[in-house]
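Trainee: Could you take me through one part of this structure slowly? I would love a close look at the aromatic rings and how they are arranged.

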Amino acid sequence: MIGCGDITFLHYNAYQDFEYAELYKLCDVNEEQLKKRSQEWGIKNITTDYKEVIFDKEIDIVEVNTPHHLHKKFVVEALDAGKNVACQKPISTTIEEAEAMICAEKKSAGKFRVLENFVFYPSYRKAKELIDANEIGEILTIRFKLGSSLFGISRYIPLKTNLWHMMESEKGMGWAVFDDGYHKLSLAIYLVGEIEKVQGFIDRSFRYTDLPAQLIWKYKGRNTLGSFDIAPQLNLHTSSKYFPADERVDIVGTKGMIKLNGCTGKIRDTAPLILYKEGKRYLFENLDTDWQASFTAGIRDFPQAILEGRETLLSGERARDILKFAYALIISAKKGVEIKPDDVSDEMIKKELL
Amino acid sequence: MKIKIIEIISFLIIGVLKVILSLPNGIFLFLLKIINTGAKTINKQVPILTELIEIIQTDKGATNTLRNIVLQGNYSQLFYFLRGALIHQVEFLSPQIKIPLPHQPKKVKYPNLTVGICGDNFDLQMLSSAYQQKGCKVISYEKMEDILKDNNISKVNILETAYFLPENILEKILSQKISISLHFSSIKSPDMVEEIAPRIKTPFRIFYPYFYYPPVQIIKEMLKSNILGEVYTIRIRATASNHGGKFAPQKIEEDAFLSHPAFDHYLLLTFLGGKVEKVAAYLGKIDQEKGGQAVISCKLSTPLRYGLLEYSFAPDMYIYSQYFPYDLEIEIAGTDGIIWLNQGMANRTCEAPIQVRIGKRHYSLGIESFLQTGWESVYSQAVDDFILAPKNKINFPEIISAIKLKQALYKAGEISKVIDI
């Protein structure tokens with residue numbers, strides 16, 4: 001693991017009692033953080049030099065959990081060394097870097113994927129099953145909600161974690177749409193399909209954060225529309241062991257509806273998935289609602305895929321498309337015109353945002 | 001009273017913070033160290049204090065970011081955040097949150113009133129019935145011109161009309177000093193309201209059923225009391241179908257659907273959220289058999305406030321209703337929490353009509369609170385409000401804004417660009 005910051009405790013948990021892979025070596029430039037993780041996790045194999053990870057023959061998979069703008073360097077070098085590589089989302093901050101990583105995978109003996117855990121969250125997978133089984137008919141609208149709170153969390157999130165995300169707004173990105181929003185955009189594609197065009201509004205709160213926001217889009221090749229609304233709900237207690245985020249999804253189909261209630265955090269006691277059809281509500285209450293479950297499934301999927309010789313869902317190409325989707329939303333909101341994600345390029349990003 | 005005190009404290013805290021953060025880092029660091037020492041003395045570890053001290057000592061960039069959040073952030077947002085934090089997070093300050101109680105229907109009758117009903121749409125039929133139940137005499141006019149022929153018009157006190165008033169009829173009505181209630185569907189342009197409103201000296205309203213739907217009235221009161229702090233997003237989802245309700249299926253004509261019933265809810269948006277400034281839209285094809293939808297994203301005039309209108313025609317969805325199968329859901333999110341409206345005309349689910357999550361609390365308003373939610377209560381409420389309220393020129397700026405929004409939507413959908421309203 002290269003990068004042992006805040007989020008990585010979820011990765012560590014995923015490797016516990018996992019027969020197909022073990023967490024073997026930790027690497028971070030911050031020695032204090034490295035020693036802290038080493039003590040917490042009981043892993044003595046540590047280094048501040050990433051090359052000791054990439055060129056270690058014992059290592060099959062390199063996890064890159066560094067800040068976004070550093071992904072390319074580690075991913076490409078690890079792939080060039082023949083390693084399998086998993087990096088955290090988003091893939092990068094530029095399309096060029098994303099393409100470089102995709103290209104490196106093609107030349108490598110190793111596989112590459114970009115971890116995004118929402119598509120492994122049990123109630124979202126169940127929703128996908130129900131949609132594919134035509135339980136609600138053709139999808140007409142899908143709406144994503146993100147409410148961001150400061151209270152209700154059972155752990156301390158270092159200020160620096162939040163500050164770093166805020167500063168990304170200054171570089172044309174942003175915490176709510178670009179970073180955390182990646183999960184919802186990924187889900188938008190996973191549950192329905194590819195995005196054709198987008199429009200909307202993104203505002204600024206407290207100088208740095210990209211919310212509230214109200215974004216809409218049209219899907220390719222089908223009569224389905226999507227939306228994403230983001231609100232600062234700062235004083236709303238949002239119960240969570242991870243991040244106090246109120247995340248909900250409403251899907252309206254020609255013959256029914258699905259409501260998904262909560263992921264990272266929860267604001268109400270209600271079933272995680274409710275299906276409405278034929279005048280009845282079906283409450284799916286027996287789904288694991290712990291956010292860790294999505295990390296565990298998502299992280300374990302990669303080594304299992306390698307061993308089984310199959311592809312994973314979270315390819316570099318997919319991650320690049322989500323990156324374009326995010327930038328399309330940000331640029332569209334800035335310019336007040338519709339943008340097609342397929343048209344997004346680094347030139348456009350540089351011209352419009354930087 | 002307690003909330004007022006909290007608001008004053010919030011104002012003072014922001015003022016003090018702005019002063020301290022404008023001074024060199026050393027002073028802020030000094031104050032933080034004192035507070036941290038105090039906390040340690042009473043055996044309390046406050047991680048954020050320790051981290052703040054470390055950041056100020058070692059990270060200039062992060063320190064500037066923190067400083068800018070307060071100094072350059074939106075004042076109102078800071079104020080409402082602090083206000084809400086003190087209300088909901090500080091136990092000893094925590095005031096009693098007042099949730100408005102539902103209005104109970106008035107049992108009074110109005111036997112001396114005569115009401116003219118001109119037109120025959122569903123709302124007017126229900127209004128006619130409500131007036132009769134309240135003891136009023138009701139005279140029906142099929143067309144506007146019938147009013148001119150009727151000698152009894154001099155006895156009419158209130159005219160409910162589905163048609164806009166042509167000049168000659170308006171003159172006659174004004175000369176009789178009749179109170180006028182215009183059905184919202186008769187208003188085709190904002191000019192119509194702007195021209196006619198100043199001339200009418202008697203009570204005058206534009207009737208839209210949701211203005212009188214008791215749960216919507218309660219929500220409006222909650223918003224006025226700042227129960228959510230600052231309101232940031234208002235989402236209105238309306239779904240119609242071919243099944244459920246005695247008036248289903250209704251023939252859907254593609255263009256008409258986007259006007260009614262779907263786009264009626266632009267009035268709800270402005271009623272609850274205020275005027276609309278900009279709009280972006282995707283308008284899908286609507287088909288009786290295949291369904292269809294539209295999503296509209298709005299920037300409201302109030303800073304940092306946005307609206308989402310989401311309409312769908314789900315042909316095969318069963319939506320239980322005593323009238324039309326029109327399902328409604330509203331979600332309003334703000335600094336301190338969320339208000340949901342879970343039903344409108346239809347009763348797709350049996351959840352409580354209003355649910356509120358604010359701070360650490362949850363409130364549910366429905367049958368347990370004697371909240372009237374049957375659709376008939378709309379018309380009963382509408383009758384009482386118009387007769388008993390001394391002035392009824394309500395919400396005209398919002399109504400005008402809603403009509404402008406409706407006109408702008410088609411253009412926004414056509415050119416796929418944000419339109420200024």
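Mentor: Happy to; we will go through the ring pairs, then the charges that sit over rings. Please keep in mind that this is a predicted model.

Let us begin with the overall count, which comes to 34 aromatic pairs over all chains. One of them is formed by Phe206(A) and Phe81(B), whose ring centres are 6.4 Å apart. Their planes meet at 80°, and an angle over 60 degrees counts as edge-to-face, so this pair is edge-to-face. If you wonder what to look for on screen, a pair of aromatic rings is described by the distance of the centres and the angle of the planes.

Now find where the two partners sit. The pair crosses between chains. On one side, Phe206(A) belongs to the loop between strand S7 (195-202) and strand S8 (213-219) of chain A. On the other side, Phe81(B) is part of helix H5 (residues 75-89) of chain B. Are these two rings buried or exposed? Phe206(A) has a relative accessible area of 12%, so it is buried, since the cut-off is under 20%. Phe81(B) is buried too, with a relative accessible area of 17%.

Another pair to look at is Phe79(B) with Tyr80(B). Here the ring centres are 5.2 Å apart and the planes are at 80°, so this pair is edge-to-face. Phe79(B) is buried at a relative accessible area of 14%, and Tyr80(B) counts as buried at 17% relative accessibility.

Rings can also be linked into a group. In chain A, ring pairs join Phe9(A), Phe118(A), Tyr121(A), Tyr124(A), Tyr242(A), Phe243(A), Trp291(A) and Phe295(A) into a cluster. Try picking out those residues one by one in the view.

Lastly, turn to the charged side chains. Go back to chain A and find Tyr208(A): the charged end of Arg207(A) sits over its ring, 4.7 Å from the centre. In chain B, the charged end of Lys220(B) sits over the ring of Phe271(B), at 4.6 Å from the ring centre.

To put the main picture together, look once more at the pair that crosses between chains: Phe206(A) is buried, Phe81(B) is buried, and their rings are arranged edge-to-face.

Notes
Residues numbered from 1 in each chain as written. Chains lettered and ligands numbered in written order. Predicted model: local features only at pLDDT ≥ 70, side-chain atom pairs only at ≥ 80, totals over all residues. Heavy atoms only, no water. Phe/Tyr/Trp six-rings, centres within 6.5 Å; stacked < 30°, edge-to-face > 60°. Helix = DSSP H or I, 4+ residues; strand = E, 2+ residues; numbered from the N terminus. Buried < 20%, exposed > 50% of the residue type's maximum accessible area, 1.4 Å probe, protein only. Lys NZ or Arg CZ within 6 Å of the ring centre and 35° of its normal.
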